[in-house]
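Thanks, everyone. I'll keep this short: one helix pair, then one sheet and what packs on it. Please have the structure open while I talk.

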Amino acid sequence: MTESWLGRILELEVGPVAHGGHCVSRVDGRVLFVRHALPGERVRAEVTEDKGGSFCRADAIEVLSGSEHRVTPPCPLAAPGGCGGCDWQHAEPAYQRELKAAVVAEQLQRLAGITREVVVEPLEGGPLGWRSRVRLVAGRDGQAGLRAHHSHRVIPIDDCPIAVPGSLDTALSKRWRPGTELEVTSDGDNHLHLRELATVRGRTQGKQLSGGMAIQHAAGRDWRLDAHGFWQVHPHAADTLAELVREWADAPRGGVAWDLYAGVGLFASVLAEQVGPDGQVLAIESGRRAVSDGERNLSDLPQVSWRSGRVEHLIGDAPTPVDVVVLDPPRKGAGRDVVNAIAAGEPDRIVYVACDPAALARDVQFFSEHGYSLTDLRAFDAFPMTHHVECVALLQ
């Protein structure tokens, strides 16, 4: 059995960025995924995880030769052993977007065989103060904080620079029962919503401490919805994505469209405007509260019909032929079965909204097996300072 490298200090040449918020280095035939480093740097790194396989994880604890793109992180907790919420605070914002673009391009090439230049576009507002939803957890002393990277250890915080300013004040000003989780949401009208989560007999139960019904604004509509249900975290993301879906979907008047993983119907509202009162939009969403919110918010659009359940279970009964499909699956992607069912409907256009570039690239490859090609792609920095990136792909 190979001797564990856990805790070992290594001097490394840092290689290219990899998916997940780290860079790749190689030592003695093993791959190291190194956080808090940048491509081209020389660092001293401590191995933080070694499960005995072909790779292990490490943190750069000292920079011997730094990148020109390195900056001082705006949060002192964005450091080895600190908070795990951010991945790239030590990089210039523009360079962060270059790193994310490189990851998207690499995933497309490796998983879908597509060579494509990718540009990650910034959203309004800058790299700080954008996160409108935060989940905190109380440590042993009752102080709310955030978890360390790949750990249940709680890092106490006084504030979070990527959170909407002032949104965490109430939660951080109190002491809580150790282990209590707290969900904080700042909505489109800057109202704050705070929910306490507790696990009872293996089930998570929520207690609303303030607010509960959020107001959001996107796609030319005002939305009333569960403050802790699904909505884009960046204040400018929902409108940006809705406008791009409007442009690329281009659903015909009187046509048929599907909105899969529909949430509260943001994209369904856009499709409904395009197909008009004589068209059909099917929205499928597994979250019952989201469906209820969607039905209420889109009650003025009778051409939208809702089905509550898992997409893979319901898509087989969707109305066909379909002109346009919009899908916004969870991080794991849609998968082969859903892709096959979409392709069976023979839509002219598919607009795929993705929060994980690896899942997107894999599904693009599945679609290619049915004759669909990636004809356009845009990527947005909807999660600055983290490794996450939002992509929208057009398949025809």
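Start with helix α1 and helix α8: α1 passes α8 in a right-handed crossing. Keep in mind throughout that this is a predicted model. At what angle do α1 and α8 pack? The angle is about 35 degrees, and the axes are 8 Å apart. For orientation, α1 covers residues 93-112 and α8 covers residues 357-368.

Which residues make the contact? From α1 they are V103, V104, Q107, L108, L111 and A112. From α8 they are P357, A358, A361, R362, V364 and Q365. By class, that contact comprises 9 nonpolar residues, 2 polar and 1 charged.

Now the sheet. It is open and built from 8 strands with mixed pairing. Reading across, the order is β7-β21-β22-β20-β19-β16-β17-β18. At the edges sit β7, residues 120-122, and β18, residues 304-308, each pairing on one side only. On average, neighbouring strands in this sheet are turned by 15 degrees against each other, direction ignored.

Inside the sheet, look at β20, residues 349-354, and β22, residues 390-395. These two strands are antiparallel and share 5 bridges. Which residue of β22 stands opposite V353? That is V392.

Two helices to finish. Helix α3, residues 237-249, packs on the sheet and touches β19, β20, β21 and β22. The direction of α3 makes about 165 degrees with that of β20. Helix α5, residues 288-297, also packs on the sheet, where it touches β17 and β18. Its direction makes about 165 degrees with that of β18, one of the two edge strands.

Technical notes. Residues are numbered from 1 along each chain as its sequence is written. This is a predicted model: local features need pLDDT of at least 70, side-chain atom pairs count only at pLDDT 80 or more; totals for chains, interfaces and linings use all residues. Side-chain values use heavy atoms; hydrogens and water are left out. Two strands pair if DSSP finds at least two bridges between them. Helices (H or I, at least four residues) and strands (E, at least two) are DSSP runs, numbered from the N terminus. Axes are lines fitted to C-alpha atoms, for helices over the stretch in contact, and angles run from 0 to 180 degrees between N-to-C directions. Contact means heavy atoms within 4.5 Å. A crossing is left-handed if the near helix is turned anticlockwise from the far one by less than a right angle, and right-handed if clockwise. Ala, Val, Leu, Ile, Met, Phe, Trp, Tyr, Cys and Pro count as nonpolar, Asp, Glu, Lys and Arg as charged, and the others, Gly among them, as polar.
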